[in-house]
Amino acid sequence: MKTLLVCLLLALAGQSLAQSQDEFVDYLIGIQNEAEAVHQMMEETFDNIRFSMSEGLIELNRQLIARMNEALEEIEEVREDTEAFVGESSAPASCVDVVVANWEREIEWAGQALSRCASNANIQITSRTAEVHDALEAAQIASTELQNIVVRGFIDWNAIDATEELGDIVSPQIDERESYFRLITQPALERALQGVLDLDDNLLPEVLSCVNQGVGRFSNYGQVIRDTLRAYNPANMKSLLVCLLLALAGQSLAQSQEEFVEYLLEIQYQAEAIHQLMEGTFDNVRFSMSDQLIELNRQLIARMNEALEEIEQIREDTEAFVGESSAPANCVDVAVANWEIEIEWAGQALSRCASEANVQITSRTADVHAALENAQIASTELQNIVVRGFIDWNAIDYTEQISSIVGAQIEDKYDYFTRITQPALERALQGVFDLDDNLLPEILTCVNRGVERFSNYGRVIRDTLFFCSQ
């Protein structure tokens, strides 16, 4: 029966590894490098999207700020001209009282009109940038998963049965992901980005029309006052009216239009500087995580391959021993009855180890992505902070104060970033770095247990046949 047993065990054995351990590790690392190249291409695309969006928002906000300030100057000029006219008018007090009865309310409404225009601009900017952030976040996760694709291969296929085919399976997956990125993801990102860039053509005219309507209404109201008072010419009560209108007038702008535009833009530049600092921090976090995952995956791949080599060696030695054994056939049948199942279980054991590694890597990188996404939204909001100032405060009443208010907000956001956001990013990133100390030993223990179980089963077969052959 010996020849029959040899045939049986050759059938059980399957095909042994055709490559040495070092060659196979290099082979798997080569596949991983393919994935890394695609990952880097994706990351460069993401950086270009972020940069383009940032540049588009810089120019858009500059134009919005300039137009808002022009509107303030126009309203202030109407206000000054109207109040000066009323102050110099000889119309009766009763007439003046009626004409200017709603003047303060109209001034308030003019400021609210600008606030509504700024609010509409902010809603559209926030909505369009949110779409870019959402698209980037989804694409970023897919990109990071590429770095772990070889380790995932040990989960999806039993590595004992598909060792040599692993590269043939994973490489097409990399190609499919790259193709999906170019055909689906990249165009989706470009469409989302175009939505931001289109704000120049869509949002600006809409906001300009909104602002012009607010200025036009206030200008018309001032004209009505002047036209009404021109109909009267008596010279009484003039001093009283001057006092009344000085009280109505409030404080006029202390700066010229050009000076104030430059002042607001200087505040915007401060916001841009902090925005760029934040973006640089985000890039460093992404780069550090990427580098760490490259090294971590290389170590995991190397250990998985060593485990495959050890299992294959045990398999070959055990099957060779059975083939050369002189033990009776009934003893051999009993000894090797579960051999195929044990081979399957050995592969499943490695799959479970790889699955645990993947779960922890995915969880830690998801923490980084979530922290980055929250921080990225706050960073983008900085670019729109001056326009938001026109929403939160009535610009007619707070024209000169708006710069100090927004300036303080910028300082608060920078302080929050340095005290809260940046440490949170560093903690999330440290969670990825800690995988070297926490995950690797755990996975090594898991792999060693799987190899040890298979080794023990092979030893049981050899000991049993040795005993039977005595």
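Which cysteine forms a disulfide with Cys 117, and how far apart are their sulfur atoms? The partner is Cys 210, and the two sulfur atoms lie 2.0 Å apart. The model described here is predicted. The count of disulfides comes to 3, and the structure also holds 6 aromatic pairs. The points below take the disulfides in turn and then consider two of the ring pairs, Trp 103 with Phe 218 and Trp 339 with Tyr 457.

**Disulfide pattern**

- With bonded cysteines counted along the chain, the disulfides follow the pattern 1-2, 3-6, 4-5.

**Cys 117 and Cys 210**

- The disulfide of Cys 117 and Cys 210 is left-handed, with -90 degrees about the S-S bond.
- Cys 117 belongs to helix α4 (residues 103–146) and Cys 210 to helix α7 (residues 199–230), so this pair ties together parts that are 93 residues apart in sequence.
- Cys 117 counts as buried because its relative accessibility is 1%, under the 20% limit for that class.
- Cys 210 has a relative accessible area of 25% and is therefore partly exposed, a class that lies between 20% and 50%.

**Cys 331 and Cys 468**

- Cys 331 and Cys 468 are joined by a disulfide with an S to S distance of 1.9 Å.
- The torsion about the S-S bond of Cys 331 and Cys 468 is about 75 degrees, so this disulfide is right-handed.
- Cys 331 is found in helix α10 (residues 329–335) and Cys 468 in helix α14 (residues 435–468); the pair therefore ties together parts that are 137 residues apart in sequence.
- Cys 331, with a relative accessible area of 9%, is buried, whereas Cys 468 is partly exposed at 27% relative accessibility.

**Cys 353 and Cys 446**

- A disulfide also joins Cys 353 to Cys 446, with an S to S distance of 2.0 Å.
- The link of Cys 353 and Cys 446 is left-handed, with -90 degrees about the S-S bond.
- Cys 353 lies in helix α11 (residues 339–382) and Cys 446 in helix α14, so the pair ties together parts that are 93 residues apart in sequence.
- Cys 353 counts as buried at 0% relative accessibility, whereas Cys 446 is partly exposed, with a relative accessible area of 25%.

**Aromatic pairs**

- Among the 6 aromatic pairs of the structure is that of Trp 103 and Phe 218, whose ring centres are 5.1 Å apart; their planes meet at 25 degrees, so the pair is stacked.
- Trp 103 in helix α4 and Phe 218 in helix α7 are 115 residues apart, and their pair links distant parts of the chain.
- Trp 103 is buried, with a relative accessible area of 1%, and Phe 218 counts as buried at 2% relative accessibility.
- The rings of Trp 339 and Tyr 457 have their centres 6.2 Å apart and their planes at 15 degrees, and this pair is therefore stacked.
- Trp 339 in helix α11 and Tyr 457 in helix α14 are 118 residues apart, and their pair likewise links distant parts of the chain.
- Both Trp 339 and Tyr 457 are buried.
- Ring pairs also link Trp 103, Phe 218 and Tyr 221 into a cluster.

**Helices joined by both kinds of contact**

- Helices α4 and α7 hold Cys 117 and Cys 210 respectively, as well as Trp 103 and Phe 218.
- Helices α11 and α14 hold Cys 353 and Cys 446 respectively, as well as Trp 339 and Tyr 457.

Methods. Residues are numbered from 1 along each chain as its sequence is written. This is a predicted model: local features need pLDDT of at least 70, side-chain atom pairs count only at pLDDT 80 or more; totals for chains, interfaces and linings use all residues. Side-chain values use heavy atoms; hydrogens and water are left out. A disulfide is a pair of cysteine sulfur atoms within 2.5 Å. Helices (H or I, at least four residues) and strands (E, at least two) are DSSP runs, numbered from the N terminus. Buried means under 20% relative accessible area, exposed over 50%, partly exposed in between (1.4 Å probe, protein chains only). Rings of Phe, Tyr and Trp (its six-membered ring) pair if their centres lie within 6.5 Å; planes under 30 degrees apart count as stacked, over 60 as edge-to-face and the rest as tilted.
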